[in-house]
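Me: I'm in my first year and still learning how to read a protein model. Could you take one part and go through it slowly with me?

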Amino acid sequence: MKVQLYAVGVGSVWRWHLTIHTQTDIHYWFEYYAADAGLVMLEPFVSLGQGVRLLQLLNVDDQLVKMGGFPQKIEWIRKLAVSCAIPLGALESMGLKLLNYDVWKQRMDTNTSPIHPGIYEKVVRACKGRALLNDEIQQLLESSGVQLGSGDEWLPYLQLAHLNGDIELTNGLQTLAQRDWRRGFKRVTSYTCKRCGSGAERMFWSPCIHCGQECPYCEECLTMGRARFCSLLVLGRSGTTKSEHLTDGSKAANPSKLRVSQVQSVVNEPDEILSYVTPWGLSDAQTAASLEGLNYLRRDGETEGKWKQAKLIVKGENCHEPRKFLIWAVTGAGKTEMIFPFIHYTITNGGRVLIATPRKDVVLELQPRIKKAFSPYSVVTLYGGSEQRWEQGQITIATTHQLLRFHEAFDLVIIDEIDAFPYHNNPMLGFAAAKVCKPNGTNILLSATPPKAIRQAADRGRLPHVRVPVRFHRHPLPVPLLVAVPPLRNILQTQKFPSSLLSKLVASVERGAQVFVFVPNISLVEPAVELLRLKMRDMETGATICIEGTSSKDAERTEKVQRFRDRDIRLLVTTTILERGVTVPKSDVFIIDADSKLFDEAALVQMAGRAGRSKDDPAGKVYFAAKEITQSQKEAIRQIKQMNRIARKQGYLIKGGNE
């Protein structure tokens, strides 16, 4: 996109600006200041990326902020422009043009495109809290009922909104020029994506029609659109009004859930915070965690109470850092129910909520539950191919990649499964999770197995958190037992299944359990299924059972998982694809090759967490079968035992429950 730079001065103070629609700016300044304003236009137009970079230099140069003697200034501006990669032809033709208020006033009727207030309000409302590229903005406006044609009729509206501070217009990549001592202190320019935070290692170069030369773009977020140095990036401001309150205040909520009439304003007394918790029927442990989180939400971010507020440095978060609160809850603790009070509190007080989760299937699973619980409020679900892509909701449920299209949009951002793919070890999504939250907002982090850095921050008092060490049925977590067996590949080659492990598999089947058998590689699934079918048949279990396998490459995965839930399939061989998000009553878990490097502590804890989730069978069996005992196995067992000890110490376990 091509843009123009200009200086506007009132009295002796001058400031440089950038515009995507020159006539809008001219009209804006002369209409506001009349003859008191001075305008100097820099010609010719340059690419957006070059313009943003040059603008930064112009506004920090004292010689150019204090304008005067315009013809003499152009040579100085050309020197600055050289470092902005502006082509030689543009540099040679570069000049300054002084605009006269009286001349403009005579021609204003022919030079100014009319801007309709109603359309302007729609544009600002549609852009609120968004971070969108050029093509996405046009799609957004069309879906919002803003019909401005296929040309550039929408540019004046965006430029006016930028001048009014309702939106920010910038380019896709941030530049940083510094001297590199490794290159003899040569000045080097590096690029960072403003949308996803990726650095030089993810930048790729290609010819650009706007620059007229090679131009970098970010490949990390390429699937969401090409963010290049010269791309227009529109960042919508998020106001603090409560205009997005109840869609229908008279509409009754689900009587078994939310009672909107209970709380209609911000609570004034600490005891009244209970009214956000009581409608949801939480257990004692869930209630304690929710109250801790609610009390944290009500604070203003200063150091107070038992928590010492500090910034948690997460790799990739280099924008602002909202306040963070961790809910460290064991698998099967009911994390979804625990966040209901936070949602209730935020939207009742006029805020917007985002629930971000790694997988599309979890988004689709959460949508009906959230919509039923919060029926008076608008709920939007976002994922690849979502029909609600451009809708605004008081509650938004989205996959983590969809966060890239938002900017400081939400008062409360709940990140589910922070340790799961693709969020874990992905700086891009960490950056996105920070920037979608308002600067005074809060991030709630949910996990049964937080990454090491986050666990350490919590343990050392740098991250406010609460632990939920017990499941809703108040029985201890099943502690894994170690079984020594040869590597699975050796077992498959010899076709000799260890009797120590086979007997335990048979015992699980005979007691009526659904059996998960986890293996580290997809290539091992089908051979393991065939061998188990053969060996289980030889063991004469009393009945022929159905044994199947599934993985991420299995087109029938969803159907097989449902058949497993329905007990049509009794033993399911799978990979870590089913380590989370799957609850099957009365299950036992066998992890073969538990010493594999692919099974870290978090994966082992999550897989073990498939057992014992049912109140009718809370003591399901878990086995780590491997040739060696690894540190990951030891840490997984230690973590499970630690949670059981905490639960017992806090009095959450049913009397007589044993580890």
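Here is the part I'd like to start from: is Trp-280 buried or exposed?

Reply: Keep in mind as we go that this is a predicted model. Trp-280 counts as buried, because its relative accessibility is 5% and the cut-off for buried is under 20%.

Now look at what sits beside that ring. Trp-280 forms an aromatic pair with Phe-374. A pair of aromatic rings is described by two things, the distance of the centres and the angle of the planes. For Trp-280 and Phe-374, the centres are 5.2 Å apart and the planes make an angle of 40°, which is called tilted. To place the two in the chain, find Trp-280 in the loop between strand E11 (232-236) and helix H10 (284-298). Phe-374 is in another loop, the one between H12 and strand E14 (379-382). The two residues are 94 apart in sequence, so the pair ties together parts that are far from neighbours along the chain. Phe-374 is buried too, with a relative accessible area of 0%.

H12 is worth following a bit further. This helix, residues 360-373, supplies at least two residues of the lining of the largest pocket. Helix H11 (335-348), strand E17 (437-447) and helix H18 (557-565) each do that as well. The pocket holds about 1,200 Å³ of space and has 38 lining residues. Glu-365, Gly-581, Val-582, Thr-583 and Arg-613 are the ones nearest its centre. By class, the lining splits into 13 nonpolar, 12 polar and 13 charged residues.

There are closed spaces to look at as well: the whole structure has four cavities of 30 Å³ or more. The largest of them holds about 100 Å³. Helix H19 (601-608) and helix H20 (631-649) are the elements that give two or more residues to its lining, and H20 has the largest share, with three. The lining of this cavity has eight nonpolar, three polar and one charged residues. Among them are Val-330, Arg-471, Val-605 and Met-643.

Back to aromatic rings, since your tryptophan isn't alone: the model has 18 aromatic pairs. In one of them, Tyr-28 and Trp-29 have ring centres 5.1 Å apart and planes at 85°, so this pair is edge-to-face. Trp-29 is buried, with a relative accessible area of 12%. Tyr-28 and Trp-29 also belong to one aromatic cluster with Tyr-32 and Tyr-33.

Trp-29 is part of helix H1, where the buried residues also include Thr-22, Ile-26 and Phe-30. You can check the length of H1 (residues 22-33) yourself: at 1.5 Å a residue, its 12 residues should span 16 Å, and the end C-alpha atoms are 17 Å apart, which agrees. Just after H1, Ala-34 takes a positive phi of about 55°.

A little further along the chain comes strand E3, residues 37-47, with eight of its 11 residues buried. E3 runs antiparallel to strand E1 (residues 2-10), and eight bridges join the two. Ala-7 stands opposite Val-40 in E3. E3 is also antiparallel to strand E4 (residues 95-99), this time with five bridges. There, Glu-43 has Gly-95 in E4 as its bridge partner.

Technical notes
Residues numbered from 1 in each chain as written. Predicted model: local features only at pLDDT ≥ 70, side-chain atom pairs only at ≥ 80, totals over all residues. Heavy atoms only, no water. 1 Å grid on protein atoms, 1.4 Å probe; cavity = no way out; pocket = protein on both sides within 12 Å on 5 of 7 lines; lining within 4 Å. Points joined across faces, edges and corners; volume = space filled by probe spheres on them. Helix = DSSP H or I, 4+ residues; strand = E, 2+ residues; numbered from the N terminus. Nonpolar A, V, L, I, M, F, W, Y, C, P; charged D, E, K, R; others polar. Buried < 20%, exposed > 50% of the residue type's maximum accessible area, 1.4 Å probe, protein only. Pairing = 2+ DSSP bridges. Expected span 1.5 Å × (residues − 1). Phe/Tyr/Trp six-rings, centres within 6.5 Å; stacked < 30°, edge-to-face > 60°.
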